[in-house]
Amino acid sequence: MFERIDYIVERIDGDYAYLKNVSEPEEELKCVARALLPESISEGTRLAYEMFQYSIAE
């Protein structure tokens, strides 16, 4: 089974976004291509990662 992981968009830098894992905030930020993320994200947006997809968390 796939586990949901929640992230916060910490920083957007050009074509990449840097995400902080909410459950493990001491981890290094995860760099993700913006093409893989919902278009409407901004810094501070909360994302859910499930089944190899990012979506804006409700």
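A polar contact of 3.3 Å links the side chain of D6 to that of R46 in this predicted model. The pair also qualifies as a salt bridge, with 3.3 Å from N to O. D6 belongs to strand β1 (residues 5–13) and R46 to strand β4, so their pairing ties together parts of the chain that are 40 residues apart in sequence. D6 has a relative accessible area of 18% and is therefore buried, as the limit for that class is under 20%. R46, at 35%, is partly exposed.

D6 has a second charged partner. Its side chain makes a polar contact of 2.7 Å with the side chain of R4, and this pair too forms a salt bridge, the closest N and O atoms being 2.7 Å apart. R4 is partly exposed, with a relative accessibility of 39%.

**Salt bridges**

The model has 3 salt bridges in total. The remaining one joins the side chains of E10 and K20, at 3.6 Å from N to O. E10 sits in strand β1 and K20 in strand β2, so this pair ties together parts that are 10 residues apart in sequence. Through shared partners, salt bridges join R4, D6 and R46 into one network. E10 is partly exposed at 34% relative accessible area, and K20 is partly exposed at 28%.

The pairs and their distances are listed here.

| Salt bridge | N to O distance |
|---|---|
| D6 and R4 | 2.7 Å |
| R46 and D6 | 3.3 Å |
| E10 and K20 | 3.6 Å |

**Strand pairing around β1**

Which strands pair with β1? Strand β4 is one partner: β1 and β4 run antiparallel and are joined by 4 bridges. Within this pairing, I8 of β1 has R46 of β4 as its bridge partner. R46 thus appears in two roles, as the bridge partner of I8 and as the salt-bridge partner of D6.

Strand β2 also pairs with β1 in the antiparallel sense, over 6 bridges. In β2, A17 is the bridge partner of I12. The two strands form a hairpin with 2 residues between them, and G14 in the turn has a positive phi of about 65°. D13, which lies in strand β1, is partly exposed with a relative accessible area of 45%.

The contacts of D6 involve several parts of the chain. Leaving aside neighbours within four places in sequence, D6 is in contact with K20, N21, V22, R46, L47 and A48. Of these, N21 lies in strand β2 (residues 16–21), while R46 lies in strand β4.

**N21 in strand β2**

Is N21 buried or exposed? N21 counts as buried, with a relative accessibility of 9%. The side chain of N21 makes a polar contact of 2.9 Å with the side chain of S23. Beyond its neighbours within four places in sequence, N21 is in contact with I5, D6, Y7 and E27. D6, one of these contacts, is buried as well, at 18% relative accessible area.

**The β4–β5 hairpin and a nonpolar patch**

Strands β4 and β5 run antiparallel and are joined by 4 bridges. In this pairing, Y49 stands opposite Y54 of β5. The two strands form a hairpin with 2 residues between them, and M51 in the turn has a positive phi of about 50°. F52 lies in the loop between β4 (46–50) and β5 (53–56).

How accessible is F52? Its relative accessibility is 63%, so F52 counts as exposed, the class for values over 50%. Together with F2 and M51, F52 makes a nonpolar surface patch of about 400 Å².

M51 can also be placed relative to D13. The two residues are 38 residues apart in sequence, and their C-alpha atoms are 25 Å apart in space. D13 lies in strand β1, whereas M51 is in the turn of the β4–β5 hairpin.

**Overview**

Strand β1 pairs with β4 and with β2, and β4 pairs in turn with β5. Salt bridges accompany pairings of β1: R46 and D6 tie β4 to β1, and E10 and K20 tie β1 to β2. The nonpolar patch includes F52, which lies in the loop between β4 and β5.

Terms used:
Residues numbered from 1 in each chain as written. Predicted model: local features only at pLDDT ≥ 70, side-chain atom pairs only at ≥ 80, totals over all residues. Heavy atoms only, no water. Patch = residues over 30% accessible without salt bridge, like charges linked within 9 Å, V, L, I, M, F, W, Y side chains within 5 Å. Areas by Shrake-Rupley, 256 points an atom, 1.4 Å probe, with all protein chains shown as cover. Salt bridge = Lys/Arg side-chain N within 4 Å of Asp/Glu carboxyl O. Buried < 20%, exposed > 50% of the residue type's maximum accessible area, 1.4 Å probe, protein only. Pairing = 2+ DSSP bridges. Polar contact = N/O pair within 3.5 Å; in protein donor to acceptor, adjacent residues only side chain to side chain. Contact = heavy atoms within 4.5 Å.
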